[in-house]
Amino acid sequence: MKKMLAMAMALAVCVSAWAAPAYVELKPQFVVNYGDGNRLRYLKAEVTLRTRDPMSAHEIHKHADYLRHELVLLLSRQTVQTVSTAEGKEALRDAALKAVQEVLLRETGQVLVDQVLFTNFIVQR
């Protein structure tokens, strides 16, 4: 009996590790001013967060305003050089992931999100 219980617990851990991810779109899209201030520039981005635990989507939605706030500030701080290259956009995505994870860790005690995806990214230079 103990052996069967141990096998069932191990199977449950394996299944949860392979659970399909959940995607949480942060709506509406982000539209911010960015750059050095010499010229008015706009950045528009649609952002989706990926979590490995579909049950975490509710917690992410609960803190969406705080997450949006942090992402607006991050996007607004970008330079023309950052948003003009693939490397810069990847660095921005990494910074966005870190910002999202920090907010969720403070608010829930868990990281919850493992990817930030830009599903649309348009800049006016």
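This is a selection-by-selection tour of a predicted model.

**Whole chain**

Start with the chain coloured by secondary structure. Five helices and three strands make up the assignment, and from the N terminus on they follow the order α-β-β-α-α-α-α-β. Switch to colouring by accessibility: of the 125 residues, 33% count as buried. For a contact map, take pairs with a separation of 6 or more; residues 24 or more positions apart account for 68% of those contacts.

**The nonpolar core**

Next, select Leu-43, Val-47, Leu-49, Ile-60, Leu-71 and Val-100. These residues touch the most other members of the largest nonpolar core, which has 29 residues. Two or more core residues come from each of β1 (22-34), β2 (41-51), α2 (57-62), α3 (64-76), α4 (80-84), α5 (86-108) and β3 (115-124). Helix α5 supplies the largest share, six residues.

Keep Val-47 selected and show its surroundings. With neighbours within four places in sequence left aside, Val-47 is in contact with Val-24, Glu-25, Leu-26, Phe-30, Leu-71, Val-116, Leu-117, Phe-118 and Thr-119. Several of these names return below.

**Phe-30 and the charge over its ring**

Move to Phe-30, in strand β1. Is Phe-30 buried or exposed? Its relative accessible area is 1%, so Phe-30 counts as buried. Beyond neighbours within four places in sequence, the contacts of Phe-30 are Leu-43, Lys-44, Ala-45, Val-47, Arg-68, Leu-71, Val-72 and Leu-75. Add Arg-68 as sticks: Arg-68 lies over the face of Phe-30, 4.2 Å from the ring centre. Then draw a C-alpha to C-alpha distance from Phe-30 to Glu-46; the two are 16 residues apart in sequence and 6.2 Å apart in space.

**A cis peptide bond in the strand**

Stay in β1 and step back to Pro-28, which is placed in that strand. The peptide bond that joins Lys-27 and Pro-28 is cis, with omega at about 0 degrees. Most peptide bonds are trans, so a cis bond is worth displaying with its backbone atoms.

**The aromatic pair**

Select Phe-118 and Phe-121. The structure holds one aromatic pair, and these two residues form it, with 5.2 Å centre to centre and 55 degrees between the planes. The pair is classed as tilted, because planes count as stacked under 30 degrees and as edge-to-face over 60. Colour both by accessibility. Phe-118 has a relative accessible area of 21% and is partly exposed, whereas Phe-121, at 18%, is buried. The two labels differ because buried means under 20% relative accessible area.

**The cavity**

Turn on cavity display. How many cavities of 30 Å³ or more does a search of the whole structure find? The search finds one. About 30 Å³ of space lies in the largest cavity. Its lining is Val-47, Leu-71, Leu-74, Leu-75, Ala-96 and Phe-118. Helix α3 gives the most to this lining, with three residues. Val-47 and Leu-71 are among the core residues selected earlier, and Phe-118 belongs to the aromatic pair.

**His-63 and Asp-65**

Go to the loop between α2 and α3, where His-63 is placed. His-63 counts as buried, at 12% relative accessibility. Leaving aside neighbours within four places in sequence, His-63 is in contact with Leu-104, Glu-107 and Thr-108. The C-alpha atoms of His-63 and Val-100 are separated by 10.0 Å, with their positions 37 residues apart along the chain as the offset.

Now select Asp-65, in helix α3. Asp-65 is exposed, with a relative accessible area of 67%. A C-alpha to C-alpha distance to Leu-26 reads 9.2 Å, and the two are 39 residues apart in sequence.

**Last stop: Leu-112**

Finish in the loop between α5 and β3, the place of Leu-112. What is the phi of Leu-112, which is not a glycine? Phi is positive, about 65 degrees. Most residues other than glycine have a negative phi. Leu-112 counts as buried, with 14% relative accessibility.

Technical notes. Residues numbered from 1 in each chain as written. Predicted model: local features only at pLDDT ≥ 70, side-chain atom pairs only at ≥ 80, totals over all residues. Heavy atoms only, no water. Phe/Tyr/Trp six-rings, centres within 6.5 Å; stacked < 30°, edge-to-face > 60°. Buried < 20%, exposed > 50% of the residue type's maximum accessible area, 1.4 Å probe, protein only. Lys NZ or Arg CZ within 6 Å of the ring centre and 35° of its normal. Core = buried A, V, L, I, M, F, W, Y, C linked by side-chain atoms within 4.5 Å. Helix = DSSP H or I, 4+ residues; strand = E, 2+ residues; numbered from the N terminus. Contact = heavy atoms within 4.5 Å. 1 Å grid on protein atoms, 1.4 Å probe; cavity = no way out; pocket = protein on both sides within 12 Å on 5 of 7 lines; lining within 4 Å. Points joined across faces, edges and corners; volume = space filled by probe spheres on them.
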